[in-house]
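Here is a friendly walk through one protein chain, written for someone who likes to check the atoms along the way. Have the viewer open and follow the residues as they come up.

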Amino acid sequence: MISLTERLLMEKAILLLVLFVSLHIQKTYTAEIAMISDSSFLTEADTLVSPAGIFELGFFRPESSNNKYVGIWYKKISVQTVVWVANRDIPVMAASSGTLRIVSPGNLVLMKGNDTNDVIWSTNTTSSGNVIVQLEDNGNLVVKERIEEKILWQSFDYPTDTLLPGMKVGRNFLTGKEWILSPWKSNQDPAPGEFTWSADTSGYPQIVLKQGTTVKFRGGPWNDVWFSGDSASTRNIITGDMVINETETYYSYSLLNSSVISRLVLNSSGQLERWVWVDDGEKWQIFYQLQRDFCDGYNICYGYGTCSVLTSQRCSCLDEIRFVPRNQNGWETADWSGGCVRQTPLDCKNGTDGFIRYSNVKLPDTESSWFNISMSLNECREKCFNNCTCMAYANIDIRQGGSGCLLWFGELLDMREIPDGNGGQDIFVRMASSEIEIAQPVSENKERANLKIILPVVFLGVLLIGLGSTWFLFACRKRRDSQSMRQGKKNTKL
């Protein structure tokens with residue numbers, strides 16, 4: 001027989017066991033949540049997961065750091081790869097705990113513990129309706145009204161060091177919002193570093209990499225296929241897009257194969273890196289890096305100079321017949337800071353200037369430029385010809401024979417030679433009329449020079465063939481006449 005005391009102890013033990021199991025089941029269930037709402041929040045033990053389980057949001061610690069941050073990473077990848085950080089400037093200290101929750105009226109906040117008065121980070125949003133927070137399968141964290149689904153805030157508007165497919169780098173002219181990439185300071189510190197990748201919209205929009213306020217690299221203006229000067233080596237995995245209109249300008253990309261996992265990262269050293277996940281090796285493989293070489297440095301050869309990695313003398317003048325180094329002695333000792341100048345000054349006021357085409361060029365810096373997307377190339381030429389401060393022109397769109405007009409004013413800066421088929425373009429540079437008439441450059445007028453050699457040779461060949469044929473016919477006729485005379489004499493004798 002079991003005594004009453006023993007029975008009570010057994011019942012208590014069973015009750016405790018059931019309570020422990022139920023708590024464990026509840027914790028397992030709440031470790032991954034689908035949304036944050038007024039009634040559910042996220043602690044350091046929880047993660048917010050996208051519908052298909054592609055991305056995950058939660059608290060993390062960078063490498064050996066004890067500081068805690070709220071970030072987003074790939075859920076299905078074995079190597080934790082953080083693509084976005086909320087509180088990158090202000091970490092949750094090791095001794096504290098953090099909670100991510102919605103507070104009235106519709107504001108998502110990160111706070112210490114449950115103290116709403118100690119807010120570390122906030123979306124600064126307000127709403128009169130019911131608000132929820134969800135993580136989408138593209139990696140975008142969205143704060144929106146539950147009923148109308150109006151988006152109040154999204155993480156894609158606040159990039160950190162990573163550009164995911166569908167994210168933007170650029171500017172909204174109506175709201176003043178800028179989408180800028182900035183790297184981590186180090187592997188242990190996700191605070192913004194000294195580099196930025198952003199849109200320069202002072203002329204024809206271009207995406208530039210800066211260190212502080214100093215431009216370090218630019219890919220060249222967008223030509224509706226790629227950036228002028230880009231080797232286009234990523235065309236087999238991504239397709240890029242540059243939107244330019246009155247309300248916004250931005251660059252974004254999408255993956256050609258949805259099964260490929262790829263991201264673009266600005267690292268703490270100021271390198272833009274394209275990474276691709278390799279399933280077999282369970283590792284990230286670097287696919288593409290900018291800056292690639294010496295000539296990717298900004299404005300290495302200065303005005304009217306072009307850079308080439310194929311020659312020992314990295315810099316040369318755009319046209320060594322029509323341009324000369326401003327400082328020849330410096331040029332010979334790799335001091336290219338003076339750039340190049342024209343041999344013959346322009347004479348625009350007399351209307352005698354013309355243009356010469358140079359091919360396979362990374363188009364110059366467009367900071368001082370003007371553009372029109374609907375003009376033809378001939379209209380573009382006339383526009384530049386009639387403005388004495390216009391130094392060059394080119395098509396904006398290289399598709400289907402080319403369209404659009406891009407004009408440059410002032411010196412042409414940051415050009416490089418591009419191997420044929422690797423992203424270079426044609427540019428038409430203003431020249432004095434006397435310079436157009438002299439020996440032709442390697443570009444547009446090389447064919448004319450070849451014709452001047454080929455045509456006389458062809459003419460001489462035809463002439464020799466004609467003379468030879470005439471002589472041959474004359475010789476044959478003369479021979480037949482001789483034979484006829486001899487035959488006639490024979491017949492007379494007979």
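## Salt bridges, cores and backbone

E56 is buried, at a relative accessible area of 10%. The model you are looking at is predicted, and E56 makes a good entry point. Its partner is K75: the two form a salt bridge in which the closest N and O atoms are 3.5 Å apart. Because E56 sits in strand β4 (residues 55-60) and K75 in the loop between β5 (69-74) and β6 (82-85), the pair ties together parts that are 19 residues apart in sequence. K75 itself counts as partly exposed, with 29% relative accessibility.

How many salt bridges are there in total? The count comes to 15. Three of them are set out below.

| Salt bridge | N to O distance | Separation in sequence |
|---|---|---|
| E56 and K75 | 3.5 Å | 19 residues |
| D293 and R416 | 3.0 Å | 123 residues |
| R430 and D353 | 3.4 Å | 77 residues |

Let us take the second row. The side chains of D293 and R416 meet at 3.0 Å, N to O. This pair links distant parts of the chain, with D293 in the loop between β25 (283-290) and β26 (305-307) and R416 in strand β34 (residues 415-416). D293 is partly exposed, with a relative accessible area of 27%, whereas R416 is buried at 6%. The two also belong to a network of salt bridges that links R292, D293, D296 and R416.

In the third row, R430 and D353 form a salt bridge with their closest N and O atoms 3.4 Å apart. Here too the pair links distant parts of the chain: R430 belongs to strand β35 (residues 425-431), and D353 to the loop between β29 (340-342) and β30 (354-361). Are these two residues buried or exposed? Both R430 and D353 are buried.

### The chain as a whole

Stepping back, the chain has 5 helices and 35 strands. Of its 494 residues, 42% are buried. The accessible surface comes to about 26500 Å², and carbon and sulfur atoms account for 54% of that. For contacts in the chain between residues at least 6 apart in sequence, 52% join residues at least 24 apart.

### Nonpolar cores

Which residues touch the most other members of the largest nonpolar core? They are L57, L141, W197 and Y251, in a core of 83 residues. Strand β24 (residues 272-278) supplies the largest share of this core, with 4 residues. Apart from this core lies another one of 9 residues, among them C380, C390, Y393 and C405.

L57 is worth selecting in the viewer. Leaving out residues up to four places away in sequence, L57 touches a list of residues that includes L42, L48, V70, I72, W73, W84, L100, L135 and L141. The list also includes D46, T47 and G71.

### A small sheet

Now for a piece of strand architecture. Strands of a sheet pair through backbone hydrogen bonds, in a parallel or an antiparallel way. One open sheet here has 3 strands in the order β18-β19-β20, and the pairing is antiparallel. Its edge strands are β18 (195-200) and β20 (214-218), each of which pairs on one side only. From one strand to the next, the twist averages 40°. Between β18 and strand β19 (residues 206-211) there are 6 bridges. To place one of them, look at A199, whose bridge partner in β19 is I207.

### Backbone details to inspect

Where are the cis peptide bonds to look at? One joins S104 and P105, with omega about 5°, and P105 is in the loop between β7 (98-103) and β8 (107-112). Another runs from L290 to Q291, with omega near 15°. Q291 is found in the loop between β25 and β26.

That loop between β25 and β26 also holds Y302. Phi of Y302 is near 60°, a positive value in a residue other than glycine. Y302 is partly exposed, with a relative accessible area of 34%. A334 has a positive phi as well, near 65°. A334 lies in the loop between α2 (328-332) and β29, and at 47% relative accessibility A334 counts as partly exposed.

Notes. Residues are numbered from 1 along each chain as its sequence is written. This is a predicted model: local features need pLDDT of at least 70, side-chain atom pairs count only at pLDDT 80 or more; totals for chains, interfaces and linings use all residues. Side-chain values use heavy atoms; hydrogens and water are left out. A salt bridge is a side-chain nitrogen of Lys or Arg within 4 Å of a carboxyl oxygen of Asp or Glu. Helices (H or I, at least four residues) and strands (E, at least two) are DSSP runs, numbered from the N terminus. Buried means under 20% relative accessible area, exposed over 50%, partly exposed in between (1.4 Å probe, protein chains only). Two strands pair if DSSP finds at least two bridges between them. Axes are lines fitted to C-alpha atoms, for helices over the stretch in contact, and angles run from 0 to 180 degrees between N-to-C directions. Contact means heavy atoms within 4.5 Å. Accessible areas come from the Shrake-Rupley method with a 1.4 Å probe; for residues, only the protein chains shown count as cover. A nonpolar core is a set of buried Ala, Val, Leu, Ile, Met, Phe, Trp, Tyr and Cys residues joined through side-chain atoms within 4.5 Å.
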